[in-house]
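Got the model open in your viewer? Let's walk through it together, one selection at a time.

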Protein chains: 2
Amino acid sequence: MIPIADRMAHIQPFYVMDLLAKARRLEAEGRSIIHMEIGEPDFITPAPIIHAGEAALAAGETHYTPAKGLPALREAIAGFYAGSYGVDIDPARIIVTPGASGALQLVMSVLINPGESVLMADPGYPCNRHFVELVDGKPVCVPVGADTGYQLTAEIVEAAWRPDTKAVLVATPANPTGTLLTLEELTALHDTVSSLGGLLVVDEIYQGLIYDAVGGTALSIADDIFVINSFSKFFGMTGWRLGWLVAPEAAVGPLDRLAQNIFLAAPTLSQHAALKAFEPEVLEILEARRVEYLQRRDFLLPALREMGFELPVTPQGAFYLYANCEAVTDDSHAFAEALLEEAGVAVTPGRDFGFNRPEAHLRFAYTTSLPNLEEGVARLRKFNRL
Amino acid sequence: MIPIADRMAHIQPFYVMDLLAKARRLEAEGRSIIHMEIGEPDFITPAPIIHAGEAALAAGETHYTPAKGLPALREAIAGFYAGSYGVDIDPARIIVTPGASGALQLVMSVLINPGESVLMADPGYPCNRHFVELVDGKPVCVPVGADTGYQLTAEIVEAAWRPDTKAVLVATPANPTGTLLTLEELTALHDTVSSLGGLLVVDEIYQGLIYDAVGGTALSIADDIFVINSFSKFFGMTGWRLGWLVAPEAAVGPLDRLAQNIFLAAPTLSQHAALKAFEPEVLEILEARRVEYLQRRDFLLPALREMGFELPVTPQGAFYLYANCEAVTDDSHAFAEALLEEAGVAVTPGRDFGFNRPEAHLRFAYTTSLPNLEEGVARLRKFNRL
């Protein structure tokens with residue numbers, strides 16, 4: 001018997017992992033599976049980034065970097081904000097992290113005392129609440145719906161505020177809903193959070209994956225916002241484990257101190273490779289991929305609606321569709337299991353994203369090719385009619 | 001003003017980082033600096049591991065792995081324990097982590113409730129106490145001296161035990177002292193800790209770097225010990241950020257759940273490269289490096305003693321000498337600063353390793369070539385005579 005810390009009772013597994021494992025087993029048995037459950041690009045990392053990784057290996061770049069990351073990479077990230085969004089960020093405010101996961105952990109650990117709460121949208125990325133639980137803070141998962149594009153608003157935040165609330169976390173584009181916050185909405189959120197004495201944390205890891213809207217960054221609003229970003233999704237570098245954080249100047253010292261102690265540094269090779277990520281030849285590849293994601297969305301979204309799934313808000317970003325499935329099933333988890341076993345289609349049930357009517361929702365990731373999505377939709381149609 | 005969480009008051013920076021930054025500045029100004037402050041091999045990663053990394057890049061291995069790591073790597077680690085130590089470990093108990101840092105964090109976060117204490121040796125690796133502080137546990141830094149080889153003993157643990165003690169952390173070989181625990185001593189520690197109702201965590205990250213003693217693993221003693229290891233030091237893979245944890249079976253589920261949430265997985269490329277780490281051609285390279293470290297120790301240790309530094313216990317592992325410097329200075333920090341500025345030799349003052357007479361100690365790392373060590377010693381001799 002190993003006495004496990006109490007916090008672990010509040011840290012759930014990714015339920016989709018069991019589903020993924022089952023899908024892999026079925027594939028090993030020779031079954032064809034269409035994967036729409038995976039929150040990761042199907043594309044491999046763009047070739048110029050891979051080549052930069054190879055060059056770094058050949059040059060023997062195998063030692064630690066400074067805890068905040070290679071200075072050249074932090075300058076490249078600052079250059080990206082200047083070039084893409086016209087925002088001038090001091091590289092001193094940029095901390096390169098082991099994935100956005102590392103950035104989320106740093107922020108929550110440096111800000112949240114035991115018992116302090118963080119407001120976040122439900123449905124939302126499940127790890128968000130677990131980073132708060134890790135330091136014995138209280139994640140407050142605020143139910144949001146189609147009326148606000150599944151996002152927190154200034155009004156919702158004001159109503160949900162508690163005496164122990166320390167911060168608000170939003171994501172744009174969001175996982176699992178793919179919805180955005182406009183700069184006006186972010187500004188209103190920032191105003192409200194600031195007036196209540198709290199801090200705003202904005203997850204922008206799907207920033208480059210926006211389809212029929214104009215992108216932006218919360219960094220253009222104020223310099224006391226914590227902004228989290230990643231090389232994983234838009235840049236196609238999931239396995240490299242590399243992200244970054246832009247922090248208010250006053251928080252950089254403690255964040256650096258914690259990063260030194262718990263990470264030492266982000267992977268060196270990944271940092272050298274990422275130096276290429278903002279080069280025009282890579283951005284061209286990424287734009288072509290963005291267009292392909294858009295085509296996939298524009299196929300999958302109407303197909304799902306036609307089958308009776310409800311998506312009242314058109315998702316404009318990331319690579320997810322979060323569908324209300326009440327017209328089809330009253331138990332999304334059982335539905336997902338049956339769909340996998342009987343039809344060979346893997347999707348993620350709502351329970352991985354919180355407590356806000358998970359049984360009525362499914363997440364479809366369009367992280368597989370258009371032909372695969374077409375086959376998946378054909379299987380889903382047939383399965384639905386059974 | 002950003003309100004920082006209280007725990008950050010207990011998380012110190014690596015003071016040596018300031019010294020390292022100053023050393024780099026002096027080098028940029030054209031000064032020659034001998035680096036004996038860096039806790040990282042000077043060697044780059046062995047070529048066969050680098051080539052495996054290149055092959056993985058060429059094969060497009062850029063996606064996430066399972067949270068516990070590539071099954072093939074976990075099997076290779078189990079094979080390493082069987083081959084090197086004759087210990088049969090179920091790969092299901094092995095979790096591949098982002099460095100030993102990731103493993104330490106998983107263990108402390110899964111075991112320690114706020115207010116629970118963990119006993120550890122002082123002097124010791126400073127991050128150990130910070131992983132406990134991170135989850136608002138209480139690190140209890142127990143002063144140890146030459147009489148016990150700077151290690152906790154069963155008697156010391158029994159005397160230091162408190163009602164809130166949950167676990168004991170030891171390291172063999174240890175940083176900063178380079179001293180070992182024999183299997184007999186580890187067994188006595190395990191018996192005592194178990195009889196007191198606690199858990200034993202053993203850091204074996206310098207396991208392969210042992211000079212005139214027989215190596216071993218705590219895994220041969222019992223299956224309820226948490227053992228932390230790393231590809232960083234012996235295998236020369238610091239920048240790859242890859243380590244592992246062998247856990248009691250009953251803790252694997254919670255550890256996996258937390259790893260999924262806070263890391264997603266260790267870097268993919270590093271894992272593929274590390275598959276080569278246990279191959280004979282790599283082990284041959286590592287043995288040659290071990291012999292070189294031994295030659296360095298056998299030069300540096302008597303040279304320091306001759307100058308008046310006291311090292312009453314011969315360090316038999318890692319690549320550190322932790323010297324009592326009272327005969328030379330009563331302020332190790334000021335001494336290290338002056339030594340760097342005036343003589344161009346960088347060493348780490350005791351304050352980075354705890355609260356046990358840090359002003360009377362310096363850590364010398366022999367992570368630089370023998371000619372560099374000779375030059376460093378010559379400069380130190382000259383500086384001492386001033």
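We'll begin with a whole chain, then pick out two helices and finish in a loop. Keep in mind that this is a predicted model.

**Stop 1: chain A as a whole**

Select chain A and switch on the cartoon view. You'll be looking at 12 helices and 12 strands. Turn the chain around: its C-alpha atoms fill a box of roughly 60 × 55 × 55 Å along the principal axes. How does the radius of gyration fit a compact globule? For 386 residues such a globule would come out near 21 Å, and chain A has 21 Å, so the two agree.

Now try colouring by burial. Of the 386 residues in chain A, 65% are buried. Contacts tell you about the fold too: among those with a separation of 6 or more, 73% join residues 24 or more positions apart.

Next, show the surface of chain A. About 13,000 Å² is exposed, with carbon and sulfur atoms supplying 53% of it. If you colour by charge, you'll have 28 positive and 48 negative charges to find, and the mean positions of the two sets are 5 Å apart.

**Stop 2: helix α8 of chain A**

Select residues 249-262 of chain A, which make up helix α8. From first C-alpha to last, these 14 residues reach 21 Å, close to the 20 Å expected at 1.5 Å a residue. Is α8(A) largely enclosed or not? Since 11 of its 14 residues are buried, the rest of the structure largely encloses it. Among the buried ones you can click on A:Val252, A:Leu255, A:Leu258 and A:Ile262, along with A:Asp256 and A:Arg257. Then step past the helix to A:Leu264, where phi is positive, near 70 degrees.

**Stop 3: helix α4 of chain B**

Hop over to chain B and select residues 99-111, helix α4. Its 13 residues should span 18 Å at 1.5 Å a residue, and the end C-alpha atoms are 19 Å apart, which agrees. Here 13 of the 13 residues are buried, so α4(B) is largely enclosed by the rest of the structure.

**Stop 4: A:Asn113**

Back in chain A, find the loop between α4 (99-111) and β3 (117-122) and click on A:Asn113. Buried or exposed? Its relative accessibility is 10%, and the cut-off for buried is under 20%, so A:Asn113 counts as buried.

What does A:Asn113 touch, beyond its neighbours within four places in sequence? From chain A, there are A:Val135, A:Asp136, A:Gly137 and A:Lys166. From chain B, select B:Ala5, B:Asp6 and B:Arg7. To end the tour, draw a line from A:Asn113 to A:Gly137: they sit 24 residues apart in sequence, yet 6.1 Å apart in space, C-alpha to C-alpha.

Key:
Residues are numbered from 1 along each chain as its sequence is written. Chains are lettered from A and ligands numbered from 1 in the order in which they are written. This is a predicted model: local features need pLDDT of at least 70, side-chain atom pairs count only at pLDDT 80 or more; totals for chains, interfaces and linings use all residues. Side-chain values use heavy atoms; hydrogens and water are left out. Helices (H or I, at least four residues) and strands (E, at least two) are DSSP runs, numbered from the N terminus. The radius of gyration is taken over C-alpha atoms; the globule rule is 2.2 Å times the number of residues to the power 0.38. Buried means under 20% relative accessible area, exposed over 50%, partly exposed in between (1.4 Å probe, protein chains only). Contact means heavy atoms within 4.5 Å. Accessible areas come from the Shrake-Rupley method with a 1.4 Å probe; for residues, only the protein chains shown count as cover. Lys and Arg count as positive and Asp and Glu as negative; His and the chain ends are not counted. The place of a charge is taken as NZ of Lys, CZ of Arg, CG of Asp or CD of Glu. The expected span of a helix is 1.5 Å times one less than its number of residues.
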